[in-house]
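Here are my notes on this one, as promised. Have the structure open while you read; I start with the pocket and then turn to the cores.

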Amino acid sequence: MKDGKFLTLAFESSCDETSIAVIADGREILSNVISSQIDIHTKFGGVVPEIASRHHLQNIDWVYAQALEEAGVTIDDIDLVGVTYGPGLIGALLVGVAYAKAVAWAKDIPLVGVNHMQGHISANYIEHKDLEPPFMGLVVSGGHTNIIKVTDYNKCDIIGQTLDDAIGEAYDKVARVIGLGYPGGPKIDRVAKQGNPEAIEFKRVYMDKDSYDFSYSGIKTAVINHVHQLKQSGTEIDEKLQADIAASFQQAVLDVVVDKTMMACEKEKENHPGEKLKLAMAGGVASNSRLREMLQARCDQEGIELVIPSPVLCTDNGAMIGCAAYYLYKAGVSSDLDLDANSKLEF
Ligand code: KG4
Ligand code: ZN
């Protein structure tokens, strides 16, 4: 405790960001240090798991020291340690979990293991101080594409999910195919702004009309085939073509995500007539500028309140884990020191 505030120290190391944060009373960021390995993995065209774990090991000491220093606290002020224990890359997760357990044990501080996806949703509570469950959610990341109903701080019902790749994975693969490289999502986001979203008619994959599920393998193959045909006909994929493919792919994918999310929201509205529905977005792809724009326009039209974290809280960070850990602990959840990383932890 410091100045009467309950302090959570939170660790996130599930992929290629080593991040440690100090959170006061669950929703206030005192520090949120993020050490990204993007430059390192760019050389390889994607995250190399073994290299990611090694860099987590190299960075975690200074990230820890800086998180406490920036927050203006010492480890003796900390009331709770939170840590992502899955899903993610096993070797990367283990670094955060081992470190968090060591700190919790050495200082006799309660420990809470956090599901990374729960963390993404919790990012919304940090900047939207009056947001409380229940609300609808759209979780779009490198590993997930889900329409959910958040029923409590640490509980949600899954309404729709991807049947193959996640949306972020599709962005990353398409970026590679058209020569943009890693990290694909932010690059497509930027390049697509210069392109024509109607240049190429990629099929919108709605699956069953009433279903809330998604599929991305088809569009990925369609882009690969398109690029292949261009190359065979001797067409060079210059910047203009790159931008058109990026914009057309993005529009096809986002049309479906936005339509299905709105469909689920309309259904939920019918169950609660007269109430203002809230929709929260989460995950790395939630930082996509076109998606934010499209969803905001539709929500305005339908009278739905849309909440989205700032881009820095959409991608992986310790602050969101601290917020989720706080609400878990308040609900009576804590973890033993035998907490283990689980790379395939379910939502
Ligand atoms: O949530 P996140 O940081 O890590 C996971 O939990 O997966 O999400 C990473 C994913 C990557 O696929 C990345 O390409 C995508 O989010 N992403 C974006 C943008 N920023 C990150 N996709 C589209 N537009 C963006 N601006
Ligand atoms: Zn994530």
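1. Helix 5 is the top contributor to the lining of the largest pocket, giving 6 residues. Bear in mind that this is a predicted model.

2. That pocket, the largest, has a volume of about 1,300 Å³. Its lining runs to 45 residues, and those closest to the centre are Cys15, Ser141, Gly142, Gly143 and Asp172. Besides helix 5, the elements that give two or more residues to this lining are helix 4 (116-127), strand 7 (145-152) and helix 6.

3. What is the lining of the largest pocket made of, by residue class? The split is 22 polar, 13 nonpolar and 10 charged residues.

4. On to the packing. The largest nonpolar core holds 51 residues, and the ones with the most contacts inside it are Ile167, Val223, Ile245, Phe249 and Leu295. Elements that give two or more residues to this core are strand 6 (135-140), helix 5 (167-177), helix 6 (184-192), helix 7 (217-232), helix 8 (239-271), strand 9 (278-282) and helix 9 (289-302). Helix 8 gives the most, with 15 residues.

5. Ile245 deserves a click. Leaving aside residues up to four places away in sequence, Ile245 touches Ile178, Ile200, Phe202, Val223, His226, Val227 and Leu230.

6. Don't skip the other core: a second, separate one has 30 residues, including Ala10, Val114, Leu131 and Tyr326.

7. One link to look at on screen: helix 5 and helix 6 each give two or more residues to the largest core, and both also do so for the lining of the largest pocket.

Definitions and conventions
Residues numbered from 1 in each chain as written. Chains lettered and ligands numbered in written order. Predicted model: local features only at pLDDT ≥ 70, side-chain atom pairs only at ≥ 80, totals over all residues. Heavy atoms only, no water. Core = buried A, V, L, I, M, F, W, Y, C linked by side-chain atoms within 4.5 Å. Buried < 20%, exposed > 50% of the residue type's maximum accessible area, 1.4 Å probe, protein only. Helix = DSSP H or I, 4+ residues; strand = E, 2+ residues; numbered from the N terminus. Contact = heavy atoms within 4.5 Å. 1 Å grid on protein atoms, 1.4 Å probe; cavity = no way out; pocket = protein on both sides within 12 Å on 5 of 7 lines; lining within 4 Å. Points joined across faces, edges and corners; volume = space filled by probe spheres on them. Nonpolar A, V, L, I, M, F, W, Y, C, P; charged D, E, K, R; others polar.
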